[in-house]
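Me: I am new to this structure. Please show it, and then I will ask how its descriptions are justified.

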Amino acid sequence: MSIGILGAGAFGTELARNLSARGIPAVIANSRGPASLAALAEELAPHVRAVSFDEAARADIVILAVTWVKLANALQGLPHWGSRIVVDAANPDEVPSLKPVELNGRLSSEVVSDMLPGARVVKAFIDIEAEIFNEPAPAGGRRVLFYSGNDAEAKRQVGDLMAQMGFYAVDLGSLAVGGSLAQFPGEPFPGINFVKF
Ligand SMILES: NC(=O)c1ccc[n+]([C@@H]2O[C@H](COP(=O)([O-])OP(=O)(O)OC[C@H]3O[C@@H](n4cnc5c(N)ncnc54)[C@H](OP(=O)(O)O)[C@@H]3O)[C@@H](O)[C@H]2O)c1
């Protein structure tokens, strides 16, 4: 399975570092093109390459690492999603205030799913801060990350990837259930930093 990371800021970069450290191939992109990511690409070669946003969006598993308020704009004009897997890691907040975005009673992953016709959306990586992404095994345990989605096979593949990245991945169920427990800001799980011993 190819992996594409859309967004190369604090979160996308740490995600890419985790994959590179485990020898998992991936591509990463930002709004300014691969040349602007030359230093990161050099650091993470050969496993992670910097590519265009379009190319990263064609991967089998695409991970959204773009700020919520810029997401709709970033996703415009990309190739059709088919039934590819898209990991929604976007928190519905304004940056840097972290003020919640008005969702009119909907879950953020429902709003994101509407931006991705056909894609199999899995909500994941919401409940971890970029700074600790590369510490998946604190104190000899494994950091617990939650994921949820409506497609069982897509969830299995994302859960497997999270495990390969060193985390203890827990399936919360459907997007509706996962969103009601693990959406940030507002829901109870993010920020607790569960560790499995
Ligand atoms: N930071 C965390 O601890 C954390 C943890 C969990 C989840 N998340 C989620 O991950 C997402 C990214 O957070 P972040 O902290 O990494 O933000 P960030 O540092 O601001 O990075 C955002 C990235 O999105 C790219 N981008 C913005 N507009 C774009 C466009 N129109 N087309 C293509 N790329 C565009 C930016 O590219 P340029 O650099 O070229 O502008 C940048 O690489 C957010 O949704 C956040 O909620 C973050």
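Me: What makes up the secondary structure of the protein?

Reply: Seven helices and nine strands. Helices (H or I, at least four residues) and strands (E, at least two) are DSSP runs, numbered from the N terminus. This is a predicted model: local features need pLDDT of at least 70, side-chain atom pairs count only at pLDDT 80 or more, and totals for chains, interfaces and linings use all residues. Residue numbers start from 1 along each chain as its sequence is written.

Me: Why is the protein called as compact as a globular protein of that length?

Reply: Its radius of gyration, taken over C-alpha atoms, is set against the globule rule, 2.2 Å times the number of residues to the power 0.38. The protein has 16 Å, and the rule gives 16 Å for 197 residues, so the description holds. The C-alpha trace spans about 40 × 40 × 35 Å along its principal axes.

Me: How do you know what share of the protein is buried?

Reply: A residue counts as buried if 20 or more other C-beta atoms, placed from the backbone, lie within 10 Å of its own; 12 or fewer make it exposed, and in between it is partly exposed. Of the 197 residues, 42% count as buried.

Me: What makes H4 stand out in the shell around the ligand?

Reply: Helix H4 (68-75) and helix H1 (10-21) each supply at least two shell residues. H4 gives the most, with four. In all, 25 residues surround the ligand, and Gly9, Phe11, Asn30, Ala90 and Asn91 are the closest. A residue is near a molecule or strand if its C-beta atom, placed from the backbone, lies within 6 Å of it.
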